[in-house]
Amino acid sequence: MDHNKLALPVGTTLDRFIMRKQEDFPYATGELSQLLRDIALAAKIVNREINRSGLIDIAGAYGNRNVQGEDQQKLDVIANIRFIRALRNGGEVCTIISEEDADIIQTGNNQGKYVVAIDPLDGSSNIDVNVSIGTIFSIYRRISPTGREGSSADCLQPGTHQVAAGYVIYGSSTMLVYTTGNGVNGFTYEPSLGEFFLSHPDIQTPKTGKVYSINEGSAESFSPGVAAFVQHCKSEKFSARYIGSLVADFHRNLLKGGIYIYPATAKDPSGKLRLMYECNPLAFIVEQAGGKSSNGQLRTLEIEPKTCHERCPVFIGSKELVEQAEAFLAQEKEAAEATATA
Ligand code: P6P
């Protein structure tokens, strides 16, 4: 027997992958590598706490509301602490935007060259019912000089300025998926070794698909263009798949093809999802994987942020499906303009 079969290689760890790809980073000084490692460490810790939340008293509501007016879950607070602590101790990040904090967070690392926007635990209302949840992050290079705290201008950069973005999905397996602008790679966590291993190299999302993800409970307040596109999906016999956990819906559509839509609704006139730490990072990833993301008209990455927690409508996934949805919205706009001038 080939003795190598007695000890099959375990594969490429995230650390080794980062080091090999370091020359791809725009600023190959090792600082972005270290920042990605800091995020991976916090993800391992959060993963452990999610997996045992039913066994120790960290499931359920925390009793506060966050800046979004949403009930914070205990794990929202724990994940926020873990990621902020990892980024602060890593030393590479000067300022953080977190979904869980109204104000920007200064880490004290005034020599840090990076700013991170993060949703520490998205979809956390699903924790108690064992549905997949996720962390979403975006990394920018500061534009203000080092030696001082990061500024609001450092934080309010358009998505085209991202140097890296990624998400962690805590699901049937835990995965870290990220891009530094040179393709998208997925790593699966092996808890027994405490390592992420390369499992999905160079992810390319299908150009089209037969899945649409939208909360049809809000259908009464969909615009005519959104309603027409949803009807089109039904007439084309698409499958409706909506988990109610953005990272899980996005990840499935990224790998299998499909479109996720969170449009303007009566309850959320600007859409529900946040630009800086939900839409922009996923838009960077989907474009790097050959897909598309817009607010229905404008490319998500080109939206000029005005505030840290601003929301935007999002149409994201397979390029052809996003373009079809945009075409229905363009028809709606033309019809409205024709009516206005009639
Ligand atoms: P709705 C979770 O709160 C979240 O931000 C996303 O993870 C999810 O896709 C969306 O909201 C679900 O919102 O209004 O459909 O319940």
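**Exercise 1.** Which side chain of opposite charge is nearest to glutamate 92, and how many Å away is it?

*Solution.* Begin with the location: in this predicted model, glutamate 92 lies in the loop between helix α3, residues 74-90, and strand β3, residues 93-98. Next, look for a partner of opposite charge, and you will find that the nearest such side chain is that of lysine 113, 7.3 Å away. A salt bridge requires a side-chain nitrogen of Lys or Arg within 4 Å of a carboxyl oxygen of Asp or Glu, and glutamate 92, although buried, has no salt bridge. Finally, list the contacts of glutamate 92 beyond four places in sequence, which are Glu31, Gln34, Leu35, Asp38, Leu87, Gly112, Lys113 and Tyr114.

**Exercise 2.** Find the residues around the ligand, and examine the polar side-chain atoms that approach the ligand's oxygen atoms.

*Solution.* First collect the surroundings, which consist of Asp122, Gly123, Asn215, Tyr242, Gly244, Ser245, Leu246, Tyr260, Tyr262, Lys272, Leu273 and Glu278. Then take the distances one by one: an N or O atom in the side chain of tyrosine 242 is 2.5 Å from a ligand oxygen, the corresponding value for asparagine 215 is 2.9 Å, and a polar side-chain atom of lysine 272 lies 3.0 Å from an oxygen of the ligand. As a last step, consider the surface of the ligand, which exposes 400 Å² when taken alone, and of which the protein buries 82%.

**Exercise 3.** Decide whether helix α7 is mostly covered or mostly open.

*Solution.* Helix α7 spans residues 275-288, and 12 of its 14 residues are buried, so by the criterion of under 20% relative accessible area the helix is mostly covered. Among the buried residues is Glu278, which also belongs to the residues around the ligand. Following the chain onward, α7 is followed by glycine 290, whose phi is positive, near 95°.

How values were computed
Residues numbered from 1 in each chain as written. Predicted model: local features only at pLDDT ≥ 70, side-chain atom pairs only at ≥ 80, totals over all residues. Heavy atoms only, no water. Helix = DSSP H or I, 4+ residues; strand = E, 2+ residues; numbered from the N terminus. Buried < 20%, exposed > 50% of the residue type's maximum accessible area, 1.4 Å probe, protein only. Lys, Arg positive; Asp, Glu negative; His and termini not counted. Contact = heavy atoms within 4.5 Å. Near = heavy atom within 4 Å. Polar contact = N/O pair within 3.5 Å; in protein donor to acceptor, adjacent residues only side chain to side chain. Areas by Shrake-Rupley, 256 points an atom, 1.4 Å probe, with all protein chains shown as cover.
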